[in-house]
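Open the structure in your viewer and get your selection tool ready. We will go from stop to stop, with a word on what to select and what is there.

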Amino acid sequence: MKQEYDNESLLDKNSLSKGKLSEKSLEDRLWLDSTLSRFDDILRINYDKSVEVFADIVIAEACTIVEAISGSFFIVDEDQALVRAVAGFGTTVETMAQREFRIGAGIIGQCVKSKTTRLLTDIPPQNVVIKSSLGDLSADSVVVIPLIFNERVYGVIEVVSLKRFPSKYLDFLDRLCRNIASTLQSIQANARMRKLLIELQEQTQKQASQEEELRQNLEELEATQEELQRQKLQVEQQSAFYTTIFKYAPVLFITTDVKGVITGFNPAAEALLGYEADELIGKQTPALFHDMGEVAAYQPILSKELGYEVPLGFDVFVEKSKKSLTNRREWTYVAKSGARYTVELSINAIFNRKGEIEGYFGIAQDVTERKTNQQELEAQKAAMLRTIEELESAQDQMRQQQEALFEVNEEVNREKVHFENVVSNVNGMVYTFEFDPKTGATGFPYASSKAKDLFGLTPEELKALGSTGIDVHPDDQKRFEQSVAESAQSMSPYKIRIRLKAANGKYEWFRAESNPTFTERDTILWYGYMQNIQEEVEREKVFQQNEELRTLEEELRQNLEELQASQELIEKQNQELSSRQTQLQTFLDAADDHFLAVDKDFKIVIANDALRQMYRKRGVEILIEETHIYDLLPQAEWESHYKPLYERAFKGERVSFMTEFEGEHFSLTYAPLRSSPKSKPYAVAVASKNVTQVAQEIEQKKRGKNR
């Protein structure tokens, strides 16, 4: 079977290169242009369809045009690292031999991983067989093409033909797949945007009402000193709020002037990169902590994308922002200590009242901690910009009469845009919490949209319910009340870890941090940030359990040595050993990893719950001192692979290695168990740990370095 690997594109390999373009007949070029134009109409007509309907229409039409006998359409699921079939021509998803591929597995998975096209020809008759009314037909050619848009793979198309594909069909498929990828990206983005629009509908309606009320108020306002003073106070409070977010939000905020000189550098940036703000502001550019080799590598790619030469330097970072284009991508930050971090950086231009760029605002975050959806951010930004334009239009009508008030409102609006950009990128809820010492009343004057994700309540619902909207765990209620009282009394920063009822109806751990301040109403207002840390707490518990397990194992070893040295304490130590073995079994059962021990007859004498449950799912029940280890394994693998490992361990050797099973990575250790340090092993302990996530992170880092 002949395979053709295409590392650039089918156009380069199949006569659309600059040297071969002149050799193509006028007829083929006209056919290619007209067919692509007709297909563009099909893509446009089906733009609002679901992914499955869109894929079914596209693969059927494409196979018909290139006279293919069969075709399949796959979608990339990045969260699961899978490529899934969603439509077929001449076949169905249900009847496909394999519907899912891990990225990198098989021709389909490798096509996604390498971002290159695969063309297979001269296929042996028995390899690809097509069912028809005439019987079994053998395919001659198979082409697998990735759907790439903006250097990201969104799917794969596989097309099968009974004969060799003509070059014009291959050229057509290559160019078509680029258009399909662009449309597919838009369809998926629209699906996410529909969900976001539903969530923002109530907020938009309320905002429209508030805008109308503001216009009415502006008509009634008199340019008095008292009103100006009130507006000034509001700006100061808003500024204090923004300053708190800038200081405590767990993302990096970096602002520059138009030349790239740093004008703002928040504490999160100081903590990650190791530089003090005073070292950089007014003195350095972001080039100080960027990998300039990476910047130089991206410069020709950006120039090609924009269609003109972009100068190497600060322009590489902000050129898209100058044109109000979406400007988000991954970069490598190099800390002062030399440590390297991969961050996702979003850059927006800061415009003055005249529409001129006066600087740039960058938001960076470690991509392993947060994956913010670019389409959601752009949609929110566009909505806010439209709102600002409407407000500025209304304010222009009153500029001559209330110029001083206009300046204040313009500052409020500009701060509001910055604030909304900030909170939309924070992985948690930004809030204000108010307490009236006189009445004891509490409430949430403000909560960001993340309240819905954390507690299942919209910001409006949380504001209406007040503190009763968030259910505190009964065991933490007293500690919560005491912490609020202490912060209010001493006016010290508030910080607590507490269990609250989450949106899923369960009590989960949260971290809340805020700073108190007095208001003009003699109430206390906390500006704060709240985040769900349930996974962090669970990891701490697992770590503590592992430490306790190691401590228990060490105690068991010492007890066994003492038992060997003193025969008089055999009965007492046997009782202690039995108790500790029960504890060990309990800790083993609580672990997620797999543990077992096998005696010299290959009978399983110890097995934790995780291992038993795994085999119960396969219909096998493990019985202690009855089930043999070779009963759980295929005989050929037992004889050729596993039995030698146990024999080595029974000879006193400790064996550790990595292996892959059913697409996942495991770390296995075979260790001899002895009654004393010099005695012969009486059993072999086996520990199996799933390290798939670690392996994937290593692989991602390697790809990042190779990129």
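Start by selecting helix α16: on one side of this helix, K478, E486 and Q489 are exposed, where exposed means over 50% relative accessible area, buried under 20% and partly exposed in between (1.4 Å probe, protein chains only). Helices (H or I, at least four residues) and strands (E, at least two) are DSSP runs, numbered from the N terminus. Before going further, note that this is a predicted model, in which local features need pLDDT of at least 70 and side-chain atom pairs count only at pLDDT 80 or more, while totals for chains, interfaces and linings use all residues. Residues are numbered from 1 along each chain as its sequence is written, and side-chain values use heavy atoms, with hydrogens and water left out.

**Stop 1: the two sides of α16**

Now turn the helix around. Which residues of α16 are buried? They are S483, V484, S487 and A488. These four cover an arc of only 130° around the axis, so they lie on the same side of α16; the arc is that of the directions from the helix axis to the C-beta atoms. An α-helix has 3.6 residues a turn, so residues three or four places apart point the same way. You can also check the length: the 14 residues of α16 (residues 477–490) should span 20 Å at 1.5 Å a residue, and the end C-alpha atoms are 20 Å apart, which agrees. The expected span is 1.5 Å times one less than the number of residues.

**Stop 2: strand β14 and its partners**

Select residues 357–366, which make up strand β14. This strand is mostly covered, with 7 of its 10 residues buried. Two strands pair if DSSP finds at least two bridges between them. Strand β10 (residues 252–256) runs antiparallel to β14 and is joined to it by 5 bridges. Strand β13 (residues 340–351) is antiparallel to β14 too, with 9 bridges between them. Put F361 of β14 in the centre of the view: T255 stands opposite this residue, and N348 also stands opposite F361. Then follow the hairpin of β13 and β14, which has 5 residues between the strands; in its turn, G355 has a positive phi of about 85°.

**Stop 3: aromatic pairs**

Show the aromatic side chains next. How many aromatic pairs does a search of the whole structure find? The search finds 22. Rings of Phe, Tyr and Trp (its six-membered ring) pair if their centres lie within 6.5 Å; planes under 30 degrees apart count as stacked, over 60 as edge-to-face and the rest as tilted.

Select Y431 and F444: their ring centres are 6.0 Å apart and their planes stand at 70°, so this pair is edge-to-face. Y431 belongs to strand β15 (residues 429–435) and F444 to strand β16 (residues 442–447), and the two are 13 residues apart. Both Y431 and F444 are buried.

Go on to F455 and F510, whose ring centres are 5.1 Å apart with planes at 25°, so the pair is stacked. This pair links distant parts of the chain, with F455 in helix α14 (residues 451–455), F510 in strand β18 (residues 507–518) and the two positions 55 residues apart. F455 is buried at 8% relative accessible area, and F510 is buried at 1%.

While you are at α14, pick K452, which lies in this helix. K452 is partly exposed, with a relative accessible area of 39%. K452 and E199 are 253 residues apart in sequence, yet 9.0 Å apart in space, C-alpha to C-alpha.

**Stop 4: a charge over two rings**

Select R329, Y298 and W331. The charged end of R329 sits over the ring of Y298, 3.8 Å from its centre, and over the ring of W331, 4.8 Å from its centre. A charge sits over a ring if NZ of Lys or CZ of Arg is within 6 Å of the ring centre and within 35 degrees of the ring normal.

**Stop 5: a hairpin and a cluster**

Finish at strands β20 (residues 594–599) and β21 (residues 604–607), which run antiparallel and are joined by 3 bridges. L596 stands opposite A607 in β21. The hairpin has 4 residues between its strands, and F602 takes a positive phi near 65° there. Keep F602 selected and add Y630, W638, Y646, F650, F657 and Y670: together they form one aromatic cluster.
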